[in-house]
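Visitor: I would like a close look at a single part of this model, with its surroundings.

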Amino acid sequence: SAADLTTKLKRGDVDAMVTIVSAQRPAPQAPTAQPGAPATITGYDVTLTTSNASPTTGATAAAIISGISDKVNLGYAGVTPGHEAIQLTSSNVEGTKFSYIDFALPGQLGFSLLSIAIFGTAFGFIVLKRTLVFKRIFATPTRPTTIILAQGTSRLIIAAAQVAVLLGVGVVAFHFQLANGALTFFEMMFVGLFGLVTFLGLGLLIAGNFRDENAVGPIINLITLPQFLLAGTFFPITALPSWLQPIANVLPLAFMNEALRNIASRGDNLWDVRQQLLGLLIWGIVTYILAIRTFKWE
């Protein structure tokens, strides 16, 4: 019924509703009209109803219905095929077909690298501080720089393996597309590890100012959750409200996600994503300066 269709339309279960009612119309006065031609013809009142619940597909339905009605009206007006003032010829170019995995996997890579850098670094350092491991290490000739480099290198190795596994599973099991094959794979590895170094700065900044896991948890969530939700991990940033998009676009995870997607889907090289890499570099410089100035070993 019309009521059921309207309910489904509001929920987005159907894309559009078309109501067609026959009606008498004055006959068009075509140049080729014969004497004694009928003064009226049987026409139709066509009502198209769409909903904001399906704006894109609703617009597609409107274009289809409009095209059909225009073609029928031309026929009523006496314009025969081949005599239209504007004739349209369509052609199709074979292009790359993308699926949701081509959008989702780069976001998942960024998600996992940010988690490794912040959660692993912050909680790992806090445990070492709380259990006085750092205090005992400082009784040896070990320098603080060595500790930082060791922690960062271990996470880089773990992250490299994780990126390789995720990309491999994506390509083999879900047909994730690498625009330039092996070259794209290594470029994504580089961007991922470059971004991880930046994210480690955030982890060190948090780890250096807290020594209790209960206190650091909310701070980590305050930093990571907005990035998980706003930085284009699960849906495009363009889907956000217009006032929020400028903020989301400058988040460090947003820079990484965009660089990874452009390399994987568009075939961009590292020079093409230099703006995103520059954004990550700026974030890294700022966070490392703050971490160095505020870090507390005990």
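Visitor: Between which helices is the loop where His-175 is found? After that, please concentrate on helix H9.

Guide: This is a predicted model. His-175 is found in the loop between H5 and H6. Its phi is positive, about 60°, although His-175 is not a glycine. Most residues other than glycine have a negative phi. His-175 is exposed, with a relative accessible area of 61%.

Now to H9. The helix covers residues 252–266, 15 residues in total. At 1.5 Å a residue, H9 should span 21 Å. The C-alpha atoms at its ends are 21 Å apart, so expectation and model agree.

Next, its surroundings. Of the 15 residues of H9, 12 are buried, so the helix is largely enclosed by the rest of the structure. The buried set begins with Pro-252, Leu-253, Ala-254, Phe-255, Met-256 and Asn-257. It also includes Ala-259, Leu-260, Arg-261, Asn-262, Ile-263 and Ala-264. What do these buried residues pack against? Their partners are helices H3 (100–130), H6 (182–207), H7 (213–230), H8 (245–249) and H10 (274–294).

Take the pairing with H3. The axes of H3 and H9 are 9 Å apart, and the helices pack at an angle of about 140°. An angle over 145 degrees would count as roughly antiparallel. H3 and H9 are therefore oblique to each other. Their crossing is right-handed. On the H9 side, the contact is made by Leu-253, Met-256, Asn-257, Leu-260, Arg-261 and Ser-265. An α-helix has 3.6 residues a turn, so residues three or four places apart point the same way. On the H3 side, the contact is made by Asp-102, Phe-103, Pro-106, Gly-107, Leu-109, Gly-110, Phe-111, Leu-113 and Leu-114.

Leu-109 also leads to H5. Leu-166 is found in that helix, residues 144–174. Leu-166 and Leu-109 are 57 residues apart in sequence, yet 7.4 Å apart in space, C-alpha to C-alpha. Beyond its neighbours within four places in sequence, Leu-166 is in contact with Leu-105, Leu-109 and Ser-112. Leu-166 itself is partly exposed, at 28% relative accessible area.

What follows H3? Leu-132 is found in the loop between H3 and helix H4 (133–137). Its phi is near 65°, a positive value in a residue other than glycine. Leu-132 counts as partly exposed, at 41% relative accessibility.

Back to H9, and to Asn-262, which lies in this helix. Its relative accessibility is 12%, so Asn-262 counts as buried. Setting aside neighbours within four places in sequence, Asn-262 is in contact with Gly-267, Asp-268, Val-273 and Gln-276. Gly-267 follows H9 and has a positive phi, near 80°.

Asp-268 has a second link to this region. It forms a salt bridge with Arg-266, with the closest N and O atoms 3.3 Å apart. Are the partners buried or exposed? Arg-266 is exposed, at 60% relative accessible area. Asp-268 counts as buried, at 10%.

A search of the whole structure finds 2 salt bridges. Another pair is Asp-13 and Arg-11, whose side chains meet at 2.9 Å, N to O. Arg-11 is exposed, with a relative accessible area of 53%.

Definitions and conventions
Residues are numbered from 1 along each chain as its sequence is written. This is a predicted model: local features need pLDDT of at least 70, side-chain atom pairs count only at pLDDT 80 or more; totals for chains, interfaces and linings use all residues. Side-chain values use heavy atoms; hydrogens and water are left out. Helices (H or I, at least four residues) and strands (E, at least two) are DSSP runs, numbered from the N terminus. The expected span of a helix is 1.5 Å times one less than its number of residues. Buried means under 20% relative accessible area, exposed over 50%, partly exposed in between (1.4 Å probe, protein chains only). Contact means heavy atoms within 4.5 Å. A salt bridge is a side-chain nitrogen of Lys or Arg within 4 Å of a carboxyl oxygen of Asp or Glu. Axes are lines fitted to C-alpha atoms, for helices over the stretch in contact, and angles run from 0 to 180 degrees between N-to-C directions. Angles under 35 degrees count as roughly parallel, over 145 as roughly antiparallel, 65 to 115 as roughly perpendicular and the rest as oblique. A crossing is left-handed if the near helix is turned anticlockwise from the far one by less than a right angle, and right-handed if clockwise.
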